[in-house]
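Reader: I would like a close look at one part of this model, followed outward from there to whatever it connects with. Please keep it plain.

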Amino acid sequence: MIMTDWNLLADDLANRFSLELSGKAAKGQNGIFRVESIDAPNGFTIEINVGWRSVDATFRPDTFAAALLRTIKGSSEIQKQEFLNLISAFTKRGTKTYLKGQLLSGVETADNLDLNGFDLICVGFTDHSDDSGVILETVNACIALILSLLPIENISEDLEENGAALEGAYSRIEVNRYERNPANRAAAIAFHGAFCQVCGFDFRKVYGSIGHGYIEVHHLVPVSELGGTYAVNPITDLLPLCANCHSMVHRKNPPMSPEELKAIMKK
């Protein structure tokens with residue numbers, strides 16, 4: 001039986017989310033991941049259970065993470081729609097999502113989404129030929145769904161009103177909500193692949209383990225045109241690009257399409 005390298009998986013996830021993550025083995029073939037960028041007692045872990053034909057990734061809030069759960073419960077309609085968009089994307093990748101025991105597909109409506117008592121489990125399926133790959137994709141989905149309900153611009157305000165703070169939660173990420181939202185970023189990488197969609201550059205192949213899961217993510221519609229009520233779809237709105245190609249598409253205003261850049265490179 002091939003042993004899972006939990007540290008390597010944590011590094012891959014950290015690159016996808018641009019967040020600090022840790023991973024460690026638990027009993028048997030199981031493991032635990034933690035988003036270190038959100039400090040206890042308002043953080044969470046993802047518990048991994050490798051079964052006969054499936055891999056379960058279960059959300060476990062810290063014991064005293066009341067502020068975290070209140071923030072999730074109070075998510076806006078836009079956040080809820082992005083949450084559902086992510087579920088739809090991961091469902092197409094073969095990962096099932098259960099909220100309080102109910103299987104969701106992403107076609108549900110945001111106004112009927114009940115986030116009270118947030119009980120989230122993501123399930124991937126395996127024939128044990130690549131358990132590490134299934135674990136990676138299942139944990140990726142679970143963390144992305146959680147982070148989609150913790151928007152960068154609202155976290156500090158919401159939690160301070162509740163008398164607590166996710167200390168350090170997103171203060172380390174000075175980026176805008178649309179292009180660099182860690183949940184949408186990770187979903188786009190999971191769906192399209194961690195390589196440039198224009199030139200094919202793969203950081204892992206060139207730089208080894210340090211490049212696992214790393215790639216920049218380009219927004220196909222300029223952020224300035226989105227407005228404050230737009231729910232990003234990581235499949236249709238975001239595309240992984242290497243740093244060079246990402247810079248080149250932004251040489252024009254508005255940015256050129258990836259297809260235009262491909263045509264230029266062929267010439």
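To begin at the start of the sheet, what is the relative accessible area of S18, and is S18 buried or partly exposed? After that, please take me through the sheet itself, in particular the strands around β5.

Author: The model is predicted, and what follows should be read that way. S18 has a relative accessible area of 46%. The residue counts as partly exposed because this value falls between the limits of 20% for buried and 50% for exposed. S18 sits in the loop that leads from α1 (6-17) to β1. Its phi is near 55°, which is a positive value in a residue that is not glycine.

The loop with S18 delivers the chain to β1, and β1 belongs to an open sheet of seven strands. The order across the sheet is β1-β2-β3-β4-β7-β5-β6, and the pairing is antiparallel. The two edges are taken by β1 (21-25) and β6 (102-104); each has a single partner strand, so one side of each has no neighbour in the sheet. Direction ignored, neighbouring strands are turned against each other by 25° on average.

Consider β5 first. Strand β5 covers residues 96-99, and its side chains alternate. T97 and L99 point to one face and are buried, whereas K96 and Y98 point to the other face and are not buried. This follows the general pattern, since in a regular strand the side chains alternate between the two faces of the sheet.

In the strand order, β5 stands between β7 and β6. On the β7 side, β5 pairs with residues 120-125 in the antiparallel sense, over four bridges. Y98 has I121 of β7 as its bridge partner. On the β6 side the pairing is again in the antiparallel sense, with three bridges. There T97 is matched with L104 of β6. T97 and Y98 thus each have a bridge partner, T97 in the edge strand β6 and Y98 in β7, while their side chains point to opposite faces of β5.

The link from β5 to β6 is a hairpin with two residues between the strands. K100 lies in this loop and, although not a glycine, has a positive phi of about 55°. With a relative accessibility of 38%, K100 counts as partly exposed because that figure also lies between 20% and 50%. S18 and K100 can therefore be read side by side: S18 is partly exposed at 46%, and K100 is partly exposed at 38%.

From β5 the sheet continues through β7 to β4. β4 and β7 pair in the antiparallel sense over five bridges, and S54 has F125 of β7 as its bridge partner. Next to β4 comes β3. Strands β3 (residues 44-50) and β4 (residues 54-61) run antiparallel and are joined by seven bridges. F44 of β3 faces P61 in β4, and V50 is set opposite V55 in β4. The connection from β3 to β4 is a hairpin of three residues.

Helix α2 (residues 66-73) packs on the sheet and touches β3 and β4. The direction of α2 makes about 110° with that of β4.

Two other sites complete the picture. Helices α4 (residues 131-147) and α7 (residues 182-192) pack at about 150°, with axes 8 Å apart. Angles over 145 degrees count as roughly antiparallel, so α4 is roughly antiparallel to α7. Their crossing is left-handed. On α4 the contact is made by E137, N140, A144 and L147, and on α7 by P182, A183, A186, A187 and A190. By type, the residues of this contact divide into seven nonpolar, one polar and one charged. The other site is P254, in the loop between α9 (243-249) and α10 (258-266). The peptide bond that leads from N253 into P254 is cis, with omega near 5°.

For the protein chain as a whole, there are ten helices and nine strands. Of its 267 residues, 50% count as buried. Among contacts with a separation of 6 or more, 63% join residues 24 or more positions apart.

Key: Residues numbered from 1 in each chain as written. Predicted model: local features only at pLDDT ≥ 70, side-chain atom pairs only at ≥ 80, totals over all residues. Heavy atoms only, no water. Axes fitted to C-alpha atoms, helices over the stretch in contact; angles between N-to-C directions. Parallel < 35°, antiparallel > 145°, perpendicular 65-115°, else oblique. Left-handed = near helix turned anticlockwise from the far one by under 90°. Contact = heavy atoms within 4.5 Å. Nonpolar A, V, L, I, M, F, W, Y, C, P; charged D, E, K, R; others polar. Pairing = 2+ DSSP bridges. Buried < 20%, exposed > 50% of the residue type's maximum accessible area, 1.4 Å probe, protein only.
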